[in-house]
Structures are given as C-alpha cells and as structure tokens.
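Work through the exercises below with the sequence and the model in view. Each task is followed by a solution in steps.

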Amino acid sequence: MLNIPLMHNNILPEDKEVLIDFLRTSDHFTNGPKVREFEQAWSEWLGVKHTVFVNSGASANFITMAVLRDLYGAGEVIVPPIAWSSDISSVLAAGHTPVFADVSLKNFAMAEKEILSRITDKTRAVFLTHVLGFNGLGENLLRELEKRNIPLIEDVCESHGATMNGKKCGTFGLASNFSFYYAHHMSTIEGGTICTNDDRFYQYCRLYRSHGMIRESTDEKLKQEVAEKYPELRPEFLFLVPGYNMRSTELNAVIGLNQLKRLDANNQKRIENFRLFLEHLDGTKYYTDFQMEGTVNYAFIVLLRNPDSLKFQKLTDA
C-alpha cells in the first residue's frame with residue numbers, strides 16, 4: 001500500500017511568520033500596495049510586461065476569455081480534452097464555442113497537427129494547457145499561429161517555470177494564466193494571475209477584475225476618452241464592461257512574495273525528483289517516454305503503457 005496523498009499544504013512556518021508580521025503592522029488588507037508589489041515581482045520573474053493578480057487561476061481563465069471576446073469577437077476556441085474544468089467553462093461563459101483537439105502522450109498537451117487541422121475562419125484563439133509541468137509548445141506551432149494571425153492563450157496553472165528553448169512558458173502568447181492554489185509549484189493559498197505584453201489586453205483585464213470600473217485602468221488616455229463619451233456620469237462610477245469582483249488581497253500577495261523567493265530552488269528539486277522517479281519505473285509496463293526538456297513536473301505520472309484493467313484498479317486503490 002503506497003498511501004501517497006494527492007497533495008499537501010506547502011505553506012511553511014516562515015510564510016506564516018511574514019503574514020503575522022504584516023497583520024501586526026498594516027491596516028490595509030484588500031487589493032493594494034502588496035498586490036502591486038507581487039504583480040511586479042511576478043512579471044520580472046516570468047519575463048512579461050504586465051501581470052494582473054486575481055483570486056484564482058479559474059478567475060484568470062474567465063477574465064481572459066471575456067477580454068478575448070471583447071477585443072477579438074466571439075468565435076471558436078481550440079481547447080484540450082486534458083485540462084481543468086474552468087478552461088472549458090470560461091470559454092462557454094464568454095460566448096465562445098470550444099473545439100477540442102487531441103493530445104500527445106509525450107507532454108499531454110494538444111498535438112500540433114490536431115490544433116492546425118481545427119483552425120477555421122471562426123477560430124478566435126488556441127487555448128493551450130501546459131499540463132503537469134510539461135512544455136506544450138513547439139516552434140513550428142508558434143510560427144503557424146503567427147502566420148494565420150491566431151492568438152495563443154497559455155494555461156500555465158500547473159507548470160510554473162516550464163520552458164521552451166530556455167524561455168518560460170507563459171511568455172509566448174497574447175496572454176497566459178497561472179494558479180497559486182495551495183498545492184501548486186508555489187502558493188498564495190488561493191490566487192492566480194493573467195500575464196500579457198499587450199497594453200490593451202492588460203487594461204481590460206484590470207477592468208474585469210473589479211466590476212468593470214473604468215477607474216481601475218492605469219491608462220489615463222482611456223479613462224479620459226470614456227469620461228468624455230459619457231459626460232453626464234461621474235467618471236469614478238463608470239462601468240465599461242460587465243466585470244466581476246475577482247480581486248485578491250494583500251494577505252495572499254504577502255505569502256506569494258515570500259514563496260516566490262524559493263520557487264526556482266523548489267523547481268530544481270522537482271526536476272531531479274521526477275527524473276529519479278522515471279528511472280525507477282519499468283518502461284515495459286509504464287509509459288516513460290515523456291518530453292523532458294523544459295519540464296518542471298507538477299506530479300509523479302503513472303501511465304500504463306498498455307490497457308490493463310486489473311493493474312489499473314490496483315494502482316488507483318493503492
């Protein structure tokens with residue numbers, strides 16, 4: 001009997017200490033200076049221009065798909081059959097149509113040929129999930145999407161630090177989503193981010209995070225244009241889009257800032273542990289031919305090489 005838990009809390013005593021210190025010295029706990037500090041720190045670590053900190057990776061999905069609709073129109077979004085439920089529900093909620101593309105065993109991401117075969121004149125984006133710490137991208141796919149003018153949205157919720165050719169996943173597309181749920185590579189207990197280099201996309205994400213209020217924008221030109229369009233309304237209470245309340249808190253940001261300090265070192269341990277795990281699996285019984293370059297694994301993967309219902313039952317019962 002293995003008795004290996006699905007996940008466990010990765011909040012360390014030192015995380016609790018920085019949170020206690022913050023509670024003792026601060027009287028501002030909702031979205032504020034620490035959130036902005038974490039957004040800046042995450043942007044620098046990832047290598048992007050903008051980060052919007054929200055209350056979950058799922059919220060990041062929902063905002064991203066809504067902004068995609070507002071800026072590019074509703075249409076078909078190519079999605080994987082292996083992903084979290086919010087990857088699909090966010091597509092539906094925004095009024096898009098999900099189009100499924102099958103995955104490759106080497107990294108569990110959508111196979112390039114499957115993606116390209118499903119692109120039509122109705123395609124608004126490819127919503128690719130980097131699954132379980134694997135990089136799901138390839139150079140040819142990126143070239144083809146750019147040539148066809150199809151935006152790429154990256155779900156990196158369980159692959160913090162995965163890379164392609166040395167560049168971090170989450171920096172290749174129009175936008176990317178991360179989750180900081182308590183069992184992920186790093187945690188803010190609950191939390192997520194939307195990351196982008198696109199100024200307009202960033203501004204709309206800020207609006208959607210906080211009720212759609214134009215005052216949440218940091219673009220003074222945009223705020224002025226909207227105010228002039230509706231002169232009879234007070235600018236601080238103009239709601240430009242049907243946004244949500246998906247803000248996070250200063251408390252989550254404080255923990256995130258502390259956890260970010262050890263993310264790279266923890267990721268290196270993950271890489272070493274996963275290689276060791278695969279070395280001790282019987283490759284004739286279990287699939288071990290994964291794409292390892294750029295991988296920062298999220299979990300130990302046990303995949304039977306051939307169908308075997310009895311062995312499958314034993315493994316899942318263990």
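A residue is called buried under 20% relative accessible area, exposed over 50%, and partly exposed in between, using a 1.4 Å probe and protein chains only. Helices (H or I, at least four residues) and strands (E, at least two) are DSSP runs, numbered from the N terminus. The model is predicted: local features need pLDDT of at least 70, side-chain atom pairs count only at pLDDT 80 or more, and totals for chains, interfaces and linings use all residues. Residues are numbered from 1 along each chain as its sequence is written, and side-chain values use heavy atoms, with hydrogens and water left out.

**Exercise 1. A covered helix**

Task: Find how many residues of helix H9 (residues 250-260) are buried, and what covers them.

Solution:
- Step 1. Of the eleven residues in H9, ten are buried, and the helix is described as mostly covered.
- Step 2. The buried residues are Glu250, Asn252, Ala253, Val254, Ile255, Gly256, Leu257, Asn258, Gln259 and Leu260.
- Step 3. Contact means heavy atoms within 4.5 Å. The cover over these buried residues includes helix H1 (13-25), H2, E1 and H10.

**Exercise 2. The sheet**

Task: Give the order of the strands in the sheet, and say which strands lie at its edges.

Solution:
- Step 1. Two strands pair if DSSP finds at least two bridges between them.
- Step 2. Seven strands make an open sheet with mixed pairing, in the order E1-E9-E8-E5-E4-E2-E3.
- Step 3. Strand E1 (50-54) and strand E3 (97-100) are the edge strands, each pairing on one side only.
- Step 4. On average, neighbouring strands of this sheet are turned by 20° against each other, direction ignored. Axes here are lines fitted to C-alpha atoms, for helices over the stretch in contact, and angles run from 0 to 180 degrees between N-to-C directions.
- Step 5. Helix H2 (residues 33-46) packs on the sheet and touches E1, strand E8 (175-179) and strand E9 (192-196). The direction of H2 makes about 130° with that of E1.

**Exercise 3. Bridge partners**

Task: Follow the bridges from strand E2 (residues 76-79) to E3, then from E2 to E4, and from E4 to E5.

Solution:
- Step 1. E2 and E3 run parallel and are joined by four bridges. Val77 has Pro98 as its bridge partner in E3.
- Step 2. E2 and E4 also run parallel, with three bridges between them. In E4, Val77 has Ala125 as its bridge partner.
- Step 3. E4 and E5 run parallel and share four bridges. Thr129 stands opposite Asp155 in E5.
- Step 4. E4 is mostly covered, with six of its seven residues buried.

**Exercise 4. Two packed helices**

Task: Describe how helix H3 (residues 57-72) and helix H4 (residues 85-93) pack.

Solution:
- Step 1. The axes of H3 and H4 are 8 Å apart and make an angle of about 35°.
- Step 2. Ala58, Asn61, Phe62, Met65 and Arg69 in H3 meet Ser86, Asp87, Ser89, Ser90, Val91 and Ala93 in H4.
- Step 3. The buried residues of H4 are Ser86, Asp87, Ile88, Ser90 and Val91. They pack against H3, E2, E3, strand E4 (123-129) and strand E5 (152-155).
- Step 4. Just after H4, Gly95 takes a positive phi of about 95°.

**Exercise 5. Two loop residues**

Task: Is His184 buried or exposed, and is Asn297 buried or exposed?

Solution:
- Step 1. His184 lies in the loop between E8 and E9. It counts as buried because its relative accessibility is 9%.
- Step 2. Leaving aside neighbours within four places in sequence, the contacts of His184 are Asn10, Cys157, His160, Ser179, Arg270 and Tyr298.
- Step 3. Asn297 is in the loop between helix H10 (263-279) and helix H11 (309-317). Its relative accessible area is 4%, so Asn297 is buried.
- Step 4. With neighbours within four places again left aside, Asn297 touches Leu132, Gly133, His185, Arg270, Ile271 and Phe274.

**Exercise 6. Cysteines**

Task: How many disulfides are there?

Solution:
- Step 1. A disulfide is a pair of cysteine sulfur atoms within 2.5 Å.
- Step 2. The closest cysteine sulfur to that of Cys157 is in Cys195, 10 Å away, so the two are too far for a bond.
- Step 3. For Cys169 the closest cysteine sulfur is also in Cys195, at 13 Å, too far for a bond.
- Step 4. The count by this rule is zero disulfides.
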